[in-house]
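Welcome! Take a moment to look over the sequence and the 3D structure below, and then we can walk through some of the details together.

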There are 2 protein chains.
Amino acid sequence: MPDLIHDGDSAAAVSSLRSAVMLLGRRLKHQRVDESLSPTEMSVLGTLARCGSATPGELARKEHVQPPSMTRIVALLEAKGLVRLEPHPDDRRQKMVSRTEQAEAMLAESRDKRNAWLADLAEGLDEEEWEKLRAAAPVLEKLAHL
Amino acid sequence: MPDLIHDGDSAAAVSSLRSAVMLLGRRLKHQRVDESLSPTEMSVLGTLARCGSATPGELARKEHVQPPSMTRIVALLEAKGLVRLEPHPDDRRQKMVSRTEQAEAMLAESRDKRNAWLADLAEGLDEEEWEKLRAAAPVLEKLAHL
DNA sequence: CGTAACTCATTAGCAATGCTAAATACCAAC
DNA sequence: GTTGGTATTTAGCATTGCTAATGAGTTACG
């Protein structure tokens, strides 16, 4: 396999990417639509939006959190009316967690707010720069999920 | 000014960028070189590396943290031998915080570790994808600092 | 079968890290 | 000099993560 990224230019790109992603990520995290929801709670709702429904254990793995932490997060989300818990069809140890309509509305609002913030920021770029970013967006998304 | 980013494709790109950056940022955060240092402590050291030295109040503002939190962070860093505290030349209320040589070594190691992790991840991309990312890296960095 | 080993979720208790309010020390302006 | 403002710290609390241990349920194997 060709070693794509171990030349000097690529090392610079990696470093640049790292610092930019970390800083942008931190700034995005602060753009919250509902102060009463922690970033992890939002993230769990986001995962549920992608997966439809999942067990607490699956959620814990996907969020890189230990199962007991997920237990509490799910309990808090349920108390806020943002997720629903149903018995697992095949395994009575597990539960199925799914989001409510209320959660969907909040997620949409949150995505919109962060997107708007990011779009505003992107107004500071010129057309050529923006084109490069557009081309790279799907790649970055793939990278994040590798 | 042409409204570069308010068409459909660009909205998709913004959304894609947002979710990728948030996820990648979270994953990068977990790549720590020294488990005994919190992300904020690392960040303070990074800020000190850029600024040379600063008062606790300045650091608190730059890190978006309240002054009492910074007091504790600085105290912990001092206990670990990573920062030095000196009296402020003009104002006896304030102190000057600066990093030690040990802190510089750790910062470099940390950057290297995160870069290596990211570079490994990038091995999962093909050449064309990687090229797009390389082109976008400086733009992303500019965006993050806007 | 039935028991042993495993898995999932939860409970209990702890550590880290942020916050606010109040206290302390100092500066500055009148 | 007194009064008001600023920098830092102290004290106490909330949040959010963790590990260890428990309980309930499933699976595999004799």
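How many nonpolar, polar and charged residues are there in the lining of the second largest pocket? By class, that lining has six nonpolar, four polar and two charged residues. Please keep in mind as you read that this is a predicted model. The points below cover that pocket, the two DNA strands, a cavity and two single residues.

**The second largest pocket**

- The space in the second largest pocket comes to about 200 Å³.
- Its lining includes Thr55(B), Pro56(B), Gly57(B), Leu85(B), Arg93(B), Gln94(B) and Lys95(B).
- Also among the lining residues are Pro67(B), Met70(B), Thr71(B), Val74(B) and Ala75(B).
- Two helices of chain B, helix 3 (56-62) and helix 4 (67-79), each give at least two residues to this lining.
- Helix 4 of chain B has the largest share of the lining, with five residues.

**Around DNA strand D**

- DNA strand D is surrounded by 20 residues, and the closest are Thr40(A), Ser69(A), Arg72(A), Arg93(B) and Lys95(B).
- Of the atoms of DNA strand D that come within 4 Å of the protein, 60% are accounted for by sugar and phosphate.
- The side chain of Thr40(A) has an N or O atom 2.3 Å from a phosphate oxygen of DNA strand D.
- Gly57(B) uses its backbone instead: a polar backbone atom of this residue is 2.6 Å from a phosphate oxygen of DNA strand D.
- For Arg92(A), a backbone N or O atom lies 3.0 Å from a phosphate oxygen of the strand.
- Two or more residues of the surface near DNA strand D come from each of these elements: helix 4 (67-79) of chain A, and helix 3 and helix 4 of chain B.
- Helix 4 of chain A gives the most to that surface, with four residues.
- By class, the surface near DNA strand D has six nonpolar, eight polar and six charged residues.

**Around DNA strand C**

- DNA strand C has 21 residues around it, and the closest are Arg93(A), Lys95(A), Ser38(B), Thr40(B) and Arg72(B).
- Sugar or phosphate makes up 61% of the atoms of DNA strand C within 4 Å of the protein, while the rest belong to bases.
- A phosphate oxygen of DNA strand C is 2.3 Å from an N or O atom in the side chain of Thr40(B).
- Lys95(A) also takes part through its side chain, with a polar atom 2.5 Å from a phosphate oxygen of DNA strand C.
- From the backbone of Arg92(B), a polar atom is 3.0 Å from a phosphate oxygen of the strand.
- Helix 3 (56-62) and helix 4 of chain A, along with helix 4 of chain B, each supply at least two residues of the surface near DNA strand C.
- With four residues, helix 4 of chain B gives the most to this surface.
- The residues of the surface near DNA strand C divide into six nonpolar, nine polar and six charged.

**The largest cavity**

- What is the volume of the largest cavity? The answer is about 30 Å³.
- Chain A contributes Leu17(A), Leu133(A), Ala136(A), Ala137(A) and Leu140(A) to the residues that line this cavity.
- From chain B, the lining has Leu17(B), Leu133(B), Ala136(B), Ala137(B) and Leu140(B).
- Helix 6 (127-145) of chain A and helix 6 (127-145) of chain B each supply at least two residues of the lining.
- By class, the lining has ten nonpolar, no polar and no charged residues.

**A closer look at Leu143(A)**

- You can find Leu143(A) in helix 6 of chain A.
- Is Leu143(A) buried or exposed? Leu143(A) counts as buried because its relative accessible area is 0%, and the cut-off for buried is under 20%.
- Its contacts reach residues of chain B, including Leu24(B), Arg27(B), Leu118(B), Leu121(B), Ala122(B), Leu125(B) and Leu133(B), and Leu143(A) also touches Leu17(A).
- Leu143(A) and Trp130(A) are 13 residues apart along the chain, and 19 Å separates their C-alpha atoms.

**A closer look at Thr100(B)**

- Thr100(B) sits in the loop between strand 3 (95-99) and helix 5 (101-122) of chain B.
- With a relative accessible area of 8%, Thr100(B) is buried.
- Leaving out residues up to four places away in sequence, Thr100(B) touches Gly81(B), Leu82(B), Val83(B) and Arg84(B).

Note on methods. Residues are numbered from 1 along each chain as its sequence is written. Chains are lettered from A and ligands numbered from 1 in the order in which they are written. This is a predicted model: local features need pLDDT of at least 70, side-chain atom pairs count only at pLDDT 80 or more; totals for chains, interfaces and linings use all residues. Side-chain values use heavy atoms; hydrogens and water are left out. Buried means under 20% relative accessible area, exposed over 50%, partly exposed in between (1.4 Å probe, protein chains only). Contact means heavy atoms within 4.5 Å. On a 1 Å grid over the protein atoms alone, a cavity is a set of points where a 1.4 Å probe fits but cannot get out, and a pocket is an open set with protein on both sides within 12 Å along at least five of seven lines; lining residues have an atom within 4 Å of a point. Grid points are joined across faces, edges and corners, and a volume is the space filled by probe spheres set on the points. Ala, Val, Leu, Ile, Met, Phe, Trp, Tyr, Cys and Pro count as nonpolar, Asp, Glu, Lys and Arg as charged, and the others, Gly among them, as polar. A residue is near a molecule or strand if one of its heavy atoms lies within 4 Å of it. A polar contact is a pair of N or O atoms within 3.5 Å; within protein, one must be able to donate a hydrogen and the other to accept it, and residues adjacent in sequence count only if both atoms are side-chain atoms.
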